[in-house]
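This report examines selected local features of one structure and then its overall layout. Please consult the sequence and the coordinates alongside the text.

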Amino acid sequence: MLHINDICNYIPDTAINVMESLEHLNLNKQQAKVYEKIYDLERIPQALNMSVVELVKQPVAELMAKHHLAPDDIKVLIHTHTSRLIAPFGTSVIQQVKRELGLINTQAFSISLNNCASTLTAFEMAAHLLKDHASTAKA
């Protein structure tokens with residue numbers, strides 16, 4: 001069974017107002033109202049001058065530092081997202097994160113096939129992939 005002991009995230013400090021940014025967000029007024037009323041998002045965080053790699057790497061690095069994890073302690077790194085394309089074709093964001101954090105022996109991949117349910121799929125896959133490391137795995 002998979003247990004989650006800690007979670008880290010990164011939310012940019014800068015945010016834009018949805019109704020004031022219709023053109024920038026490629027939304028019409030009705031779509032913006034859905035963000036405000038249904039999703040309760042009047043403002044959306046915006047990472048200025050940060051790559052997707054940096055956005056993904058930041059919480060992983062924070063978990064490693066917080067729990068004193070060495071690169072070899074991390075067996076599996078799964079990045080879930082809902083967008084089919086998050087980087088130029090041929091570029092793997094999660095492989096760049098893996099390289100930059102020195103996770104040489106870590107199995108790393110991304111999942112987007114199940115859209116917002118990709119996270120649930122990632123939990124199932126992580127549980128399966130980590131069962132062989134149950135007694136030694138830290139992450």
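## Positive phi values in two loops

His 68 is located in the loop that links helix H3 (52-66) to strand S3 (76-80). In this predicted model, the phi angle of His 68 is near 55 degrees, a positive value in a residue other than glycine. His 68 counts as exposed, because its relative accessibility is 70% and the threshold for that class is over 50%.

Asn 26 also has a positive phi, near 60 degrees, and is likewise a residue other than glycine. The loop that holds Asn 26 runs between helix H1 (22-25) and helix H2 (29-37). With a relative accessible area of 68%, Asn 26 is exposed.

## Contacts of the segment before S1

Thr 14 belongs to the segment that precedes S1. Leaving aside residues up to four places away in sequence, Thr 14 touches Ile 44, Pro 45, Gln 46 and Leu 48. For one of these partners, Gln 46, the C-alpha to C-alpha distance from Thr 14 is 5.5 Å, although 32 residues separate the two in sequence. Thr 14 counts as partly exposed at 33% relative accessibility, since that class lies between the limit of under 20% for buried and the limit of over 50% for exposed.

## A nonpolar surface patch

Ile 4 is in the segment before strand S1 (15-17). Together with Leu 2, Ile 7, Leu 120 and Phe 123, Ile 4 forms a nonpolar patch on the surface. The combined accessible area of these residues is about 480 Å². Ile 4 itself has a relative accessible area of 49% and is therefore partly exposed, as exposed requires a value over 50%.

## Helix H5 and its end residue

Helix H5 covers residues 118-130, and Leu 130 is found in it. Is Leu 130 buried or exposed? Leu 130 is buried, because its relative accessible area is 16% and the cut-off for buried is under 20%. In sequence, Leu 130 and Lys 75 are 55 residues apart, yet their C-alpha atoms are 7.4 Å apart in space.

## The aromatic pair

How many aromatic pairs does the structure hold? There is one aromatic pair in the structure. Its members are Tyr 35 and Tyr 39, whose ring centres are 5.3 Å apart. The pair is edge-to-face, because the planes are at 70 degrees to each other and this class applies over 60 degrees. Tyr 35 is partly exposed, with a relative accessible area of 28%.

## Overall architecture

The protein contains five helices and four strands. Read from the N terminus, its elements follow the order β-α-α-β-α-β-α-β-α. Along the principal axes, the C-alpha atoms fill a box of roughly 55 × 30 × 30 Å.

The protein has 139 residues, of which 29% count as buried. Its exposed area is about 9,800 Å², and carbon and sulfur atoms supply 53% of that area. Among contacts with a separation of 6 or more, residues 24 or more positions apart account for 68%. The pairs described above include Thr 14 with Gln 46, at 32 residues apart in sequence, and Leu 130 with Lys 75, at 55 residues apart.

Definitions and conventions: Residues numbered from 1 in each chain as written. Predicted model: local features only at pLDDT ≥ 70, side-chain atom pairs only at ≥ 80, totals over all residues. Heavy atoms only, no water. Patch = residues over 30% accessible without salt bridge, like charges linked within 9 Å, V, L, I, M, F, W, Y side chains within 5 Å. Areas by Shrake-Rupley, 256 points an atom, 1.4 Å probe, with all protein chains shown as cover. Salt bridge = Lys/Arg side-chain N within 4 Å of Asp/Glu carboxyl O. Buried < 20%, exposed > 50% of the residue type's maximum accessible area, 1.4 Å probe, protein only. Phe/Tyr/Trp six-rings, centres within 6.5 Å; stacked < 30°, edge-to-face > 60°. Contact = heavy atoms within 4.5 Å.
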